[in-house]
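The exercises below are meant to be worked through with the sequence and the 3D view side by side. Try each task before reading its solution.

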Amino acid sequence: MSFFRLKDLIRAVRVCKTAADERGVIQRESAAIRTSFKEVDSQDARYVNIQKLLYIYLLGYPVQFGQLECLKLVASPKFSDKRVGYLGVSLLLDEKQDILTLLTNSLKTDMNSTDDYIVGLALGTLSNVASSEVAYDLVDEVERLLDSPRSYLRKKATLAGVRIIRREPELFTPFLHRAKSLLGDKHHGVQMGAVALMAEMCNHTQEALDEGRRLVPVIVGQLRALLGSGSSPEHDVGGISNPFLQVAILRLLRVIARGSQQAADELNDVLTLVAAQTDSTKNVGTAILYECAVTALAIPSEPALRVMAINMLGKFLANRDNNVRYVALATLSAAVITEAPSVQRHRATVIQCLRDNDISIRRRALDLSFALINENNVKPIVTEILRVLPYADLEFKPSMVYRLSAAITLFGDSLEWRIDNMLRVLSLGGKHVNARDMFKFIRLVALEADENLQRRAARIGFALLERDVSQEKMVVAGTWLVGEYADLLVARSNNPAAIATSPKSPVGGLDDDDLDILGALGKPLAKKDASPDSSDFAPVLAALDPSEELPQAIPEPADIVRLLSAIAGSPVVSSNSRHIALTALAKLSGRFADSPATVASIRTALSKHTQSMDVETQSRAAEFGKLLSQELDAVRAGVVDRMPAPEYTDVPYEEYVLNPTAMRMKALTIIKRPAMQPVDFVEGESAAEAAARAAAEASKQSVVSDLLNLMDEAPAAVPTLSPATAAAKPVDALADLLGGVALSPASPSANTAAEGLDTEYEVYNSRGLRITLMPSKKAKMPTIVDLLATFYNEGEMAVSDLNFLVAVPKSQKLQIQPPSGQHISVGATVTQLVRVSNPTKTAIRLRIKLGFTVDGQAQESMFEYSGFPASVA
């Protein structure tokens, strides 16, 4: 049965109770339509059938058999037939189908029609489905219609021109010649189309971009007219005159002025006017202000304007609309690359967003919080993120603990703070810490910490293990600390005050009843109250307050044996952690060799695991039990002696570990005005005075140095060098991004600079390649020496395939960052940062392996250098 009218078909589909019934109705009607196409050659029947086909298409069923019939309906002289036919063409055809070539003649005929609405149908269809061939055939017709006296046709023609430019950018010339008249058109619809057309041309050709920059006064004039004109009922939206056109113009200005300081200067006043006159309490006003802020940040605008843009985005963070807060956080994450000082002012609001009910807001706030971290604010931000970590979404935790570890490692100013906070990370998110970060922490304690810090770390680890053993990496690291430093764990501290304030056990210790394994070790202590900051988060473990001191325990040897024995037998601990606990138990026999009772309790604890179902556990227990027998007393001390720091390949953190947004930053530019710095307005100071003051302050610093310190609150000063060195010394914008320090060290002060620092030492000069090393230190990290290697190509041939490797003695630790490049042109330079950790203050000796290619010949050399003065160590 065929349904004669579209309404009947819709009614039949709606009464279907199952999907099978609907498919049956559609199949029967599709078959009837095919038959009608073959047997009935009537435009009236074709008109009804195409309508029904379009409805079937919207339901998701295939209707390709009606494509040719749509073209036949387009050829009808009636407007109603053409309207349905063109609608069918727009929906059922695309530019990749060969049948589209049959449409060209109909489009050309209709574009020459005397009926404006038929011309509009043809132009609308051309805007939707035009291919490259159709664009070439009809560009002349579209060009003619751009001069039409009817604004309706000019608007349609500009939109058709956008499609033509997208398919064939080389056809831009006729449209570019009419850009000025179209942009200055009084009709808002024509203006909207002209803005889209101009933006498309600017994105494809440099000639159009240059013409667009010459037309900036015209475009700015149209934007001022929108801001100054009264509210027109035809274009008013929420009391704002045509916000859609305002947004489109701001986007066009962003495209035109990006990379052009002259064009940016012409926009300063109008952007300030938009920000001042737009009502931010309404959604349409917020959209305009957002585009204004992004435009100000995307072009080399005045510093005061950039500060204003950041402040507008900061206000968006307090908006009740989740969408507004989301786009503000996303934009600030990209803006922090160049506007870190300004974004830092909104840090408190960003931290509040970490507790938002919307998961997407929490994700963006988390990314921005990490991006804000630098040497000056690492402590408060890490504390706040640690406070949120126990209640964070499970999918966030792996990234959170990884970036927390990176922030603590890169920006920690003291060894004690780094150890304490890594213990907090392990305690709160140990399930998600990767093995590399855990090994880095263990190596940090073993290699760089002194005896007092090792004692503190062991006591904290013991106290945290008594609280909870559900965090795997915390169990591994804590068990290792207890096993290695058990003798320090029970020894007296050098600080009597610390002992007086440290309880023997934060939760009362373990007694003999705990030897049966202890549900309490696998289940964290219940916390009576939820997060102090939000009632929306249910506590998932007995989280420590990051702002408080970590608990320390001063146990007896018997308590240590009981704890490790309980961990080794706990069913909630991984098999690897149980094996490490058994190893730690065996080590206790060396730490407490002078206590027979303790050694006997260790034998008893190990004997319980000799019949374990796990082969590895059984094997370790038997072997360690044999080791504790009397016949092996002579060799036991050497076997269980303190182990050296674990060896592993130290892979540096990724360049954008704290701000992944920087990798995909496309909306904002990092091009900055010469000597430009974000500034605050001083009370009573005008924008011009603020900009002049900013320029005067920034003239004392290097612009490139500002780009180096992308995450710092203030750029480091440039060192004072000789003119020759200053001319030849380049600055690498990425070489020290991870280290959180300026690649160019601060200018040495006559009172504080150590002798030998901030001086270039020549270490190699051959084959036209000269290499110098410049050592520098930071006051907060006296054991870290930064060596800036500079490679000068003073020969007559380019140097390529540069490979610079360095080794140091075992008492020192080395971190090499990537070079700024591996190809050095004649007269050019390349830099590379080498960071040496020297806790023992021994003389720095370098073994250097150098490889490079000159004139197609590979050069390799290996040599040593130890010419630094003693003050550099």
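**Exercise 1. A nonpolar patch on the surface**

Find which residues make the nonpolar surface patch of about 370 Å², and state which elements give two or more residues to the patch.

Solution. Keep in mind from the start that this is a predicted model. The patch of about 370 Å² is made by Y57, L58, L87 and L91. The elements that contribute two or more residues to this patch are α3 (43–58) and α5 (79–92). Take L91 as an example: this residue belongs to helix α5, and its relative accessibility is 33%, so L91 counts as partly exposed.

**Exercise 2. Aromatic pairs**

Determine how many aromatic pairs a search of the whole structure finds, and then classify two of them by the angle between their planes.

Solution. The search of the whole structure gives 8 aromatic pairs. One of them joins W480 and Y485, whose centres are 5.8 Å apart and whose planes make an angle of 85 degrees. Because planes over 60 degrees apart count as edge-to-face, the pair of W480 and Y485 is edge-to-face, and both of these residues are buried.

A second pair is formed by Y764 and F852, at 6.5 Å centre to centre and with 80 degrees between the planes, which is again an edge-to-face arrangement. This pair links distant parts of the chain, since Y764 is in strand β3 (residues 761–766) and F852 is in strand β9 (residues 846–854), 88 residues apart. To decide whether the two are buried, use the cut-off of under 20% relative accessible area: Y764 has 12% and is therefore buried, while F852 has 3% and is therefore buried. Elsewhere, ring pairs link Y761, Y865 and F868 into a cluster.

**Exercise 3. Charges over rings**

Identify the ring over which the charged end of R770 sits, and the residue whose face lies under R34.

Solution. The charged end of R770 sits over the ring of Y792, at 4.4 Å from the ring's centre. R34, for its part, lies over the face of F65, with 4.3 Å to the ring centre.

**Exercise 4. Buried side chains in polar contact**

For S577 and T331, decide whether each is buried or exposed, and name the partner of each side chain.

Solution. S577 lies in helix α33 (residues 575–591), and with a relative accessible area of 1% this residue is buried. The side chain of S577 makes a polar contact of 2.9 Å with the side chain of S574. T331 is placed in helix α19 (residues 322–335), and its 7% relative accessibility makes it count as buried. The side chain of T331 is joined to that of Y290 by a polar contact of 3.2 Å.

**Exercise 5. Positive phi in loops**

Explain what stands out in the backbone at R767 and K841, and state where each residue lies.

Solution. Begin with the general expectation: most residues other than glycine have a negative phi. R767 is not a glycine, yet its phi is positive, at about 55 degrees. This residue lies in the loop between β3 and β4 (769–778), and is partly exposed, with a relative accessible area of 43%. K841, also not a glycine, has a positive phi of about 60 degrees. K841 lies in the loop between β8 (829–837) and β9, and at 41% relative accessibility it counts as partly exposed.

Key. Residues numbered from 1 in each chain as written. Predicted model: local features only at pLDDT ≥ 70, side-chain atom pairs only at ≥ 80, totals over all residues. Heavy atoms only, no water. Phe/Tyr/Trp six-rings, centres within 6.5 Å; stacked < 30°, edge-to-face > 60°. Buried < 20%, exposed > 50% of the residue type's maximum accessible area, 1.4 Å probe, protein only. Helix = DSSP H or I, 4+ residues; strand = E, 2+ residues; numbered from the N terminus. Lys NZ or Arg CZ within 6 Å of the ring centre and 35° of its normal. Patch = residues over 30% accessible without salt bridge, like charges linked within 9 Å, V, L, I, M, F, W, Y side chains within 5 Å. Areas by Shrake-Rupley, 256 points an atom, 1.4 Å probe, with all protein chains shown as cover. Salt bridge = Lys/Arg side-chain N within 4 Å of Asp/Glu carboxyl O. Polar contact = N/O pair within 3.5 Å; in protein donor to acceptor, adjacent residues only side chain to side chain.
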